[in-house]
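This report examines a protein–DNA assembly. Please consider the sequence and the structure together before reading on.

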There are 2 protein chains.
Amino acid sequence: MRDLKREATREALAKAAFELTRERGLSGFVTADVVERAGYSRRTFGNHFSCKEEAVASVAFGGVDDASAILAGLPADLPLLDVLLAVMKTQFTTDALVRMRELMAMARRYPTLEPHVLGVQQRMRHTAQELLGSVAGDRYPTVYVPLLFGAVYGAVMAALEGTLDVDLGGEYDPSPASMDYSSFLDITFDYLRHGF
Amino acid sequence: MRDLKREATREALAKAAFELTRERGLSGFVTADVVERAGYSRRTFGNHFSCKEEAVASVAFGGVDDASAILAGLPADLPLLDVLLAVMKTQFTTDALVRMRELMAMARRYPTLEPHVLGVQQRMRHTAQELLGSVAGDRYPTVYVPLLFGAVYGAVMAALEGTLDVDLGGEYDPSPASMDYSSFLDITFDYLRHGF
DNA sequence: GCATCGATGTGCACATTGGGCAATTTTGCT
DNA sequence: AGCAAAATTGCCCAATGTGCACATCGATGC
């Protein structure tokens, strides 16, 4: 229950930082502005994040939350490829992707942000990959899981980046109109299933 | 020739920062130490990097250097999958991977380093992907290239991370003894060719 | 219910850093 | 040699990171 409190502060700070970036741009405010908006002290900010960028980026970390919930609904002997497809459809919801996409768009404006965005992506990848690994058990060779997951994750991120390229020039478009996530996943998994 | 000079300074600074990290740890030195070792001013350091971490991470950026050299040796109508395999074997040499691996090991010790390591990986990915895209032309559907490349790159990185996990506990081992890069690529591409 | 303990938020102090500005040196070109 | 562009430098100061001591709150045991 204590962790909830801590998480709340963290999220409040992150959210404030994120909104300020939207409003004034990354260099248009200082950490003091963030903590003022969220109602905390500058020192507390430092306890949670090491810099503005880290705070801003951390909003996109939609945790892979309830492992058991997903696994419960799946047959234990379902091929790993199908398990992964299910995970990608339920866990990486379009909501999470929209947030992530806006963040990636921000990172293009403010280059110092990019490393931290990548950091968040990395953490999400790890959590999801561990989840997948626990389902795989020893049905597959050891390289299989990281290989497969790396492929899917890389593909999704590459595609997400692609949607940023298409509507370049103007302000970024917060909604990824240019990407139909579900059918993209189908195409991806079709390639993975039958070969490139 | 001017760019060479600039690159030289940049590399000198990066190298100094990297070595200092090896010797004293990331928090065991300040930017002043770096510039002193490399023979530049503190202000110049700021012209090239925005922080210590960025400098340290940038050593692993082994540029994808001579596109024409690789393409010249390949038939123009070679399937993209084989082109990519060739690129991965020639461009991502084991040397570059060893450096990258040491950096990734450092990132485990010093978490603030990780985002910047990922930043370098991202830049490398972009350069290589553009190279691949120029070869692909319009032989394939638009999603094909980013999808394929994302898959391969993700897989390689996941595998590289895997070699860090196996010999955990002691100091890290600078040589990736636990990974045979070439045969790993073969396995990877076999999966990609015929499906998972 | 109350005491204790560990973890979280806070205030303060200070070294480190990032980056604007102008001056100075170096480089590329003619 | 001479000129323009670019790289490096020094100076300066606001912003940042972080150690320390302290207050506060939740949890655990009596």
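The sections below treat chain symmetry, the surface near one DNA strand, and the domains of one chain.

## Relation between the protein chains

The model is predicted. Within it, chain B is superposed on chain A by a rotation of 180° with 0.0 Å of shift along the axis, and the RMSD is 0.1 Å. This is therefore the relation of a two-fold axis. In chain B, Ala151(B) has the C-alpha nearest that axis, at a distance of 1.7 Å.

The interface follows the same pattern: 100% of the interface residues of chain B are interface residues in chain A as well, so the two copies meet through the same surface.

## The surface near DNA strand D

DNA strand D is surrounded by 19 residues. The closest of them come from both protein chains: Arg2(A), Arg43(A) and Ser50(A) from chain A, with Thr9(B) and Thr44(B] from chain B. Of the atoms of DNA strand D that come within 4 Å of the protein, 54% belong to sugar and phosphate. By class, this surface has 8 charged, 7 polar and 4 nonpolar residues.

Individual polar contacts reach both a base and the phosphates. Arg43(A), one of the closest residues, places a polar side-chain atom 2.5 Å from a base oxygen of DNA strand D. From chain B, a polar side-chain atom of His48(B) lies 2.9 Å from a phosphate oxygen of the strand, and a polar backbone atom of Ser41(B) is 3.0 Å from a phosphate oxygen. The elements that give two or more residues to this surface are helix H3 (42-48) of chain A and, in chain B, helix H1 (2-24) and helix H3 (42-48). H3(B) provides the largest share, 5 residues.

## Domains of chain A

Chain A is divided into domain 1, residues 2-58, and domain 2, residues 61-194. To the contact between them, domain 1 of chain A gives 12 residues and domain 2 of chain A gives 12 residues.

Together the two domains of chain A bury about 1,000 Å² between them, with 68% of this area on carbon and sulfur atoms. Which residues of domain 1 of chain A lose the most area to domain 2 of chain A? They are Leu26(A), Glu53(A) and Ala57(A), which together account for 42% of what that side buries.

Note on methods: Residues are numbered from 1 along each chain as its sequence is written. Chains are lettered from A and ligands numbered from 1 in the order in which they are written. This is a predicted model: local features need pLDDT of at least 70, side-chain atom pairs count only at pLDDT 80 or more; totals for chains, interfaces and linings use all residues. Side-chain values use heavy atoms; hydrogens and water are left out. Copies are superposed by least squares on the C-alpha atoms of residues with pLDDT of at least 70 in both. Contact means heavy atoms within 4.5 Å. A residue is near a molecule or strand if one of its heavy atoms lies within 4 Å of it. A polar contact is a pair of N or O atoms within 3.5 Å; within protein, one must be able to donate a hydrogen and the other to accept it, and residues adjacent in sequence count only if both atoms are side-chain atoms. Helices (H or I, at least four residues) and strands (E, at least two) are DSSP runs, numbered from the N terminus. Ala, Val, Leu, Ile, Met, Phe, Trp, Tyr, Cys and Pro count as nonpolar, Asp, Glu, Lys and Arg as charged, and the others, Gly among them, as polar. Domain bounds come from an automatic or database domain assignment. Buried area is the accessible area (1.4 Å probe) that two parts lose on being put together, summed over both.
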